[in-house]
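Have a look at the structure below and keep it open while you read. We will go through some questions that a first-year student might ask.

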There are 4 protein chains.
Amino acid sequence: MSNWEVFLSPYKQAVEELKVKLKGLREQYQRSSQHTPIEFVTARVKPITSILDKAKRKNMSLDRLEEMQDIAGVRIVCQFVTDIDTIVALVHARKDFKVIEERDYIKEKKESGYRSYHMVVNYSVHTIEGQKDVMVEIQVRTMAMNFWATIEHSLNYKYSGEIPEDIKRRLQRAAEAAFQLDEEMSKIQGEVREAQQILSQQRGST
Amino acid sequence: MSNWEVFLSPYKQAVEELKVKLKGLREQYQRSSQHTPIEFVTARVKPITSILDKAKRKNMSLDRLEEMQDIAGVRIVCQFVTDIDTIVALVHARKDFKVIEERDYIKEKKESGYRSYHMVVNYSVHTIEGQKDVMVEIQVRTMAMNFWATIEHSLNYKYSGEIPEDIKRRLQRAAEAAFQLDEEMSKIQGEVREAQQILSQQRGST
Amino acid sequence: MSNWEVFLSPYKQAVEELKVKLKGLREQYQRSSQHTPIEFVTARVKPITSILDKAKRKNMSLDRLEEMQDIAGVRIVCQFVTDIDTIVALVHARKDFKVIEERDYIKEKKESGYRSYHMVVNYSVHTIEGQKDVMVEIQVRTMAMNFWATIEHSLNYKYSGEIPEDIKRRLQRAAEAAFQLDEEMSKIQGEVREAQQILSQQRGST
Amino acid sequence: MSNWEVFLSPYKQAVEELKVKLKGLREQYQRSSQHTPIEFVTARVKPITSILDKAKRKNMSLDRLEEMQDIAGVRIVCQFVTDIDTIVALVHARKDFKVIEERDYIKEKKESGYRSYHMVVNYSVHTIEGQKDVMVEIQVRTMAMNFWATIEHSLNYKYSGEIPEDIKRRLQRAAEAAFQLDEEMSKIQGEVREAQQILSQQRGST
């Protein structure tokens with residue numbers, strides 16, 4: 001149809017393939033009755049208007065759009081903060097993903113309260129025109145981080161990035177509540193693991 | 001293959017149809033650029049072992065399994081607590097669902113800390129054997145409620161329903177953190193709506 | 001977004017629901033290890049440009065588009081010609097479909113060679129605006145009829161409905177070959193059924 | 001759950017990934033408004049009972065099951081016989097598939113009447129246990145070949161491979177009818193291409 005169709009085609013393909021690959025991992029964990037570090041996976045190709053907005057904002061010429069790192073985006077959402085490390089290690093270990101950049105907004109959260117682990121990977125797709133490498137941004141976060149980020153994103157959209165000060169403060173309080181929820185969950189997770197260890201030692205000693 | 005296949009067949013069909021119907025509503029909200037009260041929808045048919053466990057626990061004979069209300073289950077997860085009311089009203093308004101029971105565990109949360117709105121509906125499916133009515137349990141909750149419930153469910157499973165006291169206390173603290181997160185989010189939601197109203201009034205006065 | 005989004009929304013929903021309902025039937029046949037009269041199901045909403053073309057061709061004003069019978073379309077493809085009768089009976093027996101028109105292009109094939117069984121049903125969907133009845137066209141055909149129709153459709157598209165005479169003749173010969181294939185398959189089907197009957201009688205007599 | 005779960009896991013994953021990759025190609029053809037050589041794609045992992053049957057029949061010990069070439073199977077169905085060559089070339093050109101065996105049952109059809117192009121490829125998947133290479137059988141055929149093969153397969157199943165002579169003869173006649181249909185379609189395809197060429201030359205000369 002248009003040049004956009006052709007340009008976005010390998011990104012669409014990459015996103016579909018990563019979704020199947022990551023959902024496949026989750027199913028393997030479930031079948032093996034291990035705790036799965038992947039609760040759910042979502043993916044999207046950035047809408048054309050958002051690509052154009054970002055290019056303008058970043059003063060990026062349209063013939064260099066391939067340098068934009070988040071045209072293809074995949075999000076992995078997990079239960080516990082420690083699951084994030086497991087996922088990051090899994091991504092690094094794969095030969096079909098090549099990590100080219102990483103930002104840890106969990107150790108160093110953004111001023112807004114945003115927390116997530118970001119990776120940019122190089123991924124190879126085969127189209128009807130031949131093989132092509134594209135960049136895909138992978139975001140890894142807990143359900144609480146995701147919940148908060150979803151809300152912040154819609155507020156940012158509504159206020160075109162200029163969230164009023166008082167709402168910003170409320171968002172920060174909500175971010176703290178989300179952080180608190182992750183903390184409480186982590187404590188439970190620890191106890192669960194201890195309890196499981198005790199149980200398996202008891203079984204071993206009989 | 002077996003009687004279970006035949007027995008579960010209309011439940012499987014009901015679950016597939018409800019998933020398409022509820023996801024369809026979400027897409028309609030998105031296309032109309034309104035706030036969607038449905039963030040995501042999941043659905044499942046209860047595994048046979050869980051049906052047998054529950055029948056035993058409830059002292060229910062196997063020829064009365066049709067009275068079990070949660071063999072088919074659908075879960076609707078939303079962003080804000082007030083979205084839950086919107087969804088409950090939507091379900092009541094439909095002619096293809098007939099609500100036969102309701103329990104509001106949000107106004108009256110369970111001792112464990114569990115919060116959710118439950119409805120049981122009668123739903124009519126057509127199978128190769130003809131028409132059949134089945135019961136489907138619909139659970140409606142916020143993302144924070146869902147997060148907490150997911151964890152509680154896996155702990156319950158691990159401790160076969162007998163969660164140790166200290167872990168129970170931690171779970172309750174986590175439930176409070178989840179509740180707090182919903183509270184903070186609700187406050188933001190209010191401000192967002194006010195802000196939108198101000199904006200549209202300003203537009204109207206020029 | 002536009003009026004088209006709003007207008008097409010219930011048709012999209014109807015098509016999704018029918019697809020799940022009909023694919024569900026196929027799976028039930030497969031699970032019951034009976035011969036399934038449904039080989040596969042496809043569905044589509046007519047593209048806007050095709051709706052406009054047809055309205056112009058039929059001299060239909062745009063405020064009467066709801067009278068167009070094939071905006072929502074579902075196709076059921078089967079192995080044997082006799083499967084078509086089974087499917088037609090299944091559609092008639094359902095309370096959620098109301099057959100309002102039928103055309104049998106198998107008994108009376110079109111001059112072009114086209115064969116298929118067409119039904120128009122009324123189907124009720126619930127949207128965020130409330131309940132709405134829409135018409136859906138259901139086409140039932142064998143794999144050979146479908147193969148031929150796919151080719152004819154792309155030729156019609158390429159020649160804007162004016163297929164040259166010599167290609168028309170070739171298409172008719174292909175239609176005859178497709179018909180021949182259905183005939184040969186029907187004969188085999190008969191023998192298979194006879195063979196099965198003999199086998200089960202032999203088992204009964206021992 | 002069992003060793004079968006673990007053993008079949010990478011095959012399941014391979015089949016899911018190939019389905020997404022091949023359906024992606026079809027969509028790219030459709031978006032580019034070129035003729036798509038891929039009409040539809042189906043895929044399956046061989047059921048455990050069929051794996052065991054085949055191992056027994058081939059006298060293959062169970063610790064050498066990895067040598068069985070069709071545990072993972074993908075089928076690509078196309079409109080025209082010449083599309084098959086296009087697909088075979090596409091598969092050879094990819095770096096993520098490595099063709100290790102090929103059998104052309106179109107040039108040399110089986111005695112039964114069976115026609116199809118078979119390739120066995122090596123494909124690399126990443127599981128939670130690490131990277132693993134599996135074999136996948138890719139079958140390429142036209143819709144007419146597929147129609148016939150579907151019928152033959154169910155007859156073979158019913159007669160446990162011992163189809164009676166008279167039904168075998170009928171099957172061969174049906175195979176000839178399917179072949180005839182492909183021949184007639186090929187002739188039309190030729191004319192369509194010629195017609196298109198004439199049309200584009202006319203456009204060029206004005």
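Q: What does contact mean when we speak of chain A and chain C?
A: Contact means heavy atoms within 4.5 Å. This is a predicted model, and in it no contact joins chain A and chain C. Their closest C-alpha atoms lie 14 Å apart. Likewise, chain B and chain D do not touch, with 14 Å between their nearest C-alpha atoms.

Q: How do you know that chain B and chain A are in contact, and how many residues take part?
A: The test is again heavy atoms within 4.5 Å. It picks out 32 residues from chain B and 32 residues from chain A. Together the two chains bury about 3,100 Å², and carbon and sulfur atoms give 73% of that area.

Q: Why is the meeting of E184(B) and R173(A) called a salt bridge?
A: The cut-off is 4 Å between a side-chain nitrogen of Lys or Arg and a carboxyl oxygen of Asp or Glu. For the side chains of E184(B) and R173(A), the N to O distance is 3.8 Å. That value is within the cut-off, so the pair counts as a salt bridge. Across this interface of chain B and chain A the rule finds two salt bridges, but zero residue pairs in polar contact where both are at pLDDT 80 or more.

Q: Which elements make up the side of chain B that touches chain A?
A: Two or more residues come from each of α4 and α5 (165–205) of chain B. The most come from α5(B), with 19 residues. Sorted by class, this side of chain B has 18 nonpolar, five polar and nine charged residues.

Q: What makes the side of chain B that touches chain C, by class and by element?
A: By class, this side has five nonpolar, nine polar and nine charged residues. The elements of chain B that give two or more residues here are α1 (3–31) and β4, and α1(B) gives the most, with 13 residues. The contact joins 23 residues of chain B to 23 residues of chain C. The buried area is about 2,200 Å², with 52% of it on carbon and sulfur atoms. Of the area that chain B buries against chain C, 32% comes from R31(B), H126(B) and I128(B), more than from any other three residues.

Q: How many salt bridges does the rule count between chain B and chain C?
A: The count is zero. Polar contacts are another matter: the rule finds 10 residue pairs across this interface, both residues being at pLDDT 80 or more.

Q: How do you know that β4 and β5 of chain B are paired?
A: Pairing needs at least two bridges between the strands. Strand β4 (residues 117–127) and strand β5 (residues 130–142) of chain B are joined by 11 bridges, so they pass that test. The two run antiparallel. For one example, M119(B) has I138(B) in β5(B) as its bridge partner.

Q: Why are β1 and β3 of chain B said to stand at the edges?
A: The open sheet has five strands in the order β1-β2-β5-β4-β3 (chain B), with mixed pairing. Because β1 (40–45) and β3 (97–104) each have a single partner strand, one side of each is left without a neighbour in the sheet. From one strand to the next, the twist averages 25 degrees.

Q: Which strands does helix α4 of chain B touch?
A: Helix α4 (residues 143–158) packs on the sheet and touches β1, β2 (72–78) and β5 of chain B. Its direction makes about 100 degrees with that of β5(B).

Notes. Residues numbered from 1 in each chain as written. Chains lettered and ligands numbered in written order. Predicted model: local features only at pLDDT ≥ 70, side-chain atom pairs only at ≥ 80, totals over all residues. Heavy atoms only, no water. Helix = DSSP H or I, 4+ residues; strand = E, 2+ residues; numbered from the N terminus. Axes fitted to C-alpha atoms, helices over the stretch in contact; angles between N-to-C directions. Buried area = accessible area lost by both parts, 1.4 Å probe. Polar contact = N/O pair within 3.5 Å; in protein donor to acceptor, adjacent residues only side chain to side chain. Nonpolar A, V, L, I, M, F, W, Y, C, P; charged D, E, K, R; others polar.
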